[in-house]
Amino acid sequence: AARPDGDLGGQLLANAVAAAPARSRFAAPQRTTRLLLVEDDRLLSDALSRMLELAGFTVYVTGFGEDALDLARAYRFDVVVLDLTLPDMTGGQVLQQLHVMRPDAPVIILSGESALESKLENFLEGADDYITKPFHRDELLARIHAVLRRSRAAAPQEIQLGTLTLD
């Protein structure tokens with residue numbers, strides 16, 4: 001359940017984010033930022049989606065690994081927030097396939113698993129960050145913004161194709 005201090009996780013009530021203040025310390029993204037949220041807990045995914053949309057993100061949501069991979073084939077996401085426990089495949093399998101398909105897409109793991117071994121395994125598989133449930137919404141937003149800053153700083157600012165330059 002959501003607590004008054006902003007913690008999210010477990011059996012989240014659908015109105016938890018709606019009842020929480022919408023203001024955040026983090027500014028909305030400067031440009032359209034596509035975020036893929038892969039979370040099979042429907043109440044949690046609904047609340048997170050609403051919170052992220054209020055924070056200025058364009059959010060795509062699925063609770064299945066195969067659907068996440070299909071969406072990643074169809075769209076270029078700026079960041080992926082991925083739960084490890086999915087009904088059709090493991091989050092680790094999704095992470096591996098995402099990394100092959102879109103190696104430049106940053107992935108933040110969102111999991112109830114707090115064991116060090118799980119964290120290390122996912123970092124070795126290509127995760128950019130790892131957040132354990134329950135978590136505070138501001139921590140999730142801070143980590144998303146940090147990952148976006150790093151990935152955008154690493155991306156080329158201009159692309160040249162012959163005499164054509166795109167920025």
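How many cavities of 30 Å³ or more does the count come to? I ran that on the model, which is a predicted one, and the count comes to one. I put its volume at about 40 Å³. For the lining I noted Ala72, Tyr75, Phe77, Val80, Leu98, Arg102 and Ala105.

**Overall layout**

I stepped back to the whole chain. I find six helices and nine strands. Of the 167 residues, 42% count as buried. I also looked at how far apart in sequence the contacts reach: taking contacts between residues at least 6 apart, 64% join residues at least 24 apart.

**Helix H4**

Leu98, one of the residues lining the cavity, sent me to H4, residues 91-101. Which of its residues are buried? I get Gly91, Val94, Leu95 and Leu98. Looking down the helix axis, I see these buried residues fall within an arc of 100 degrees, so they line one face of H4. That fits the textbook spacing: an α-helix has 3.6 residues a turn, so residues three or four places apart point the same way.

Next I checked what covers the buried residues of H4. The cover includes two helices, H3 (65-74) and H5 (116-124). It also includes two strands, E4 (79-83) and E5 (107-111).

**Tyrosines and rings**

Tyr75 is another lining residue of the cavity, so I turned to the rings. The structure holds three aromatic pairs. One of them joins Tyr60 and Tyr75, 5.0 Å centre to centre with 45 degrees between the planes, which makes the pair tilted. Tyr60 sits in strand E3 (residues 58-62) and Tyr75 in the loop between H3 and E4, so this pair ties together parts 15 residues apart in sequence.

Is Tyr75 buried or partly exposed? I get 31% relative accessibility, so I logged Tyr75 as partly exposed. Phe77, also on the cavity lining, belongs to the ring cluster: ring pairs link Tyr60, Tyr75 and Phe77.

**Ser118**

Last stop was H5, part of the cover over H4, where I picked Ser118. Why does Ser118 count as buried? Its relative accessibility is 13%, and the cut-off for buried is under 20%.

What does the side chain of Ser118 join by a polar contact? I found the side chain of Tyr130, at 3.0 Å. Leaving out residues up to four places away in sequence, Ser118 touches Leu84, Glu113 and Tyr130. Tyr130 therefore went into my notes twice for Ser118, as a polar partner and as a contact.

How values were computed:
Residues are numbered from 1 along each chain as its sequence is written. This is a predicted model: local features need pLDDT of at least 70, side-chain atom pairs count only at pLDDT 80 or more; totals for chains, interfaces and linings use all residues. Side-chain values use heavy atoms; hydrogens and water are left out. Buried means under 20% relative accessible area, exposed over 50%, partly exposed in between (1.4 Å probe, protein chains only). Helices (H or I, at least four residues) and strands (E, at least two) are DSSP runs, numbered from the N terminus. The arc is that of the directions from the helix axis to the C-beta atoms. Contact means heavy atoms within 4.5 Å. A polar contact is a pair of N or O atoms within 3.5 Å; within protein, one must be able to donate a hydrogen and the other to accept it, and residues adjacent in sequence count only if both atoms are side-chain atoms. Rings of Phe, Tyr and Trp (its six-membered ring) pair if their centres lie within 6.5 Å; planes under 30 degrees apart count as stacked, over 60 as edge-to-face and the rest as tilted. On a 1 Å grid over the protein atoms alone, a cavity is a set of points where a 1.4 Å probe fits but cannot get out, and a pocket is an open set with protein on both sides within 12 Å along at least five of seven lines; lining residues have an atom within 4 Å of a point. Grid points are joined across faces, edges and corners, and a volume is the space filled by probe spheres set on the points.
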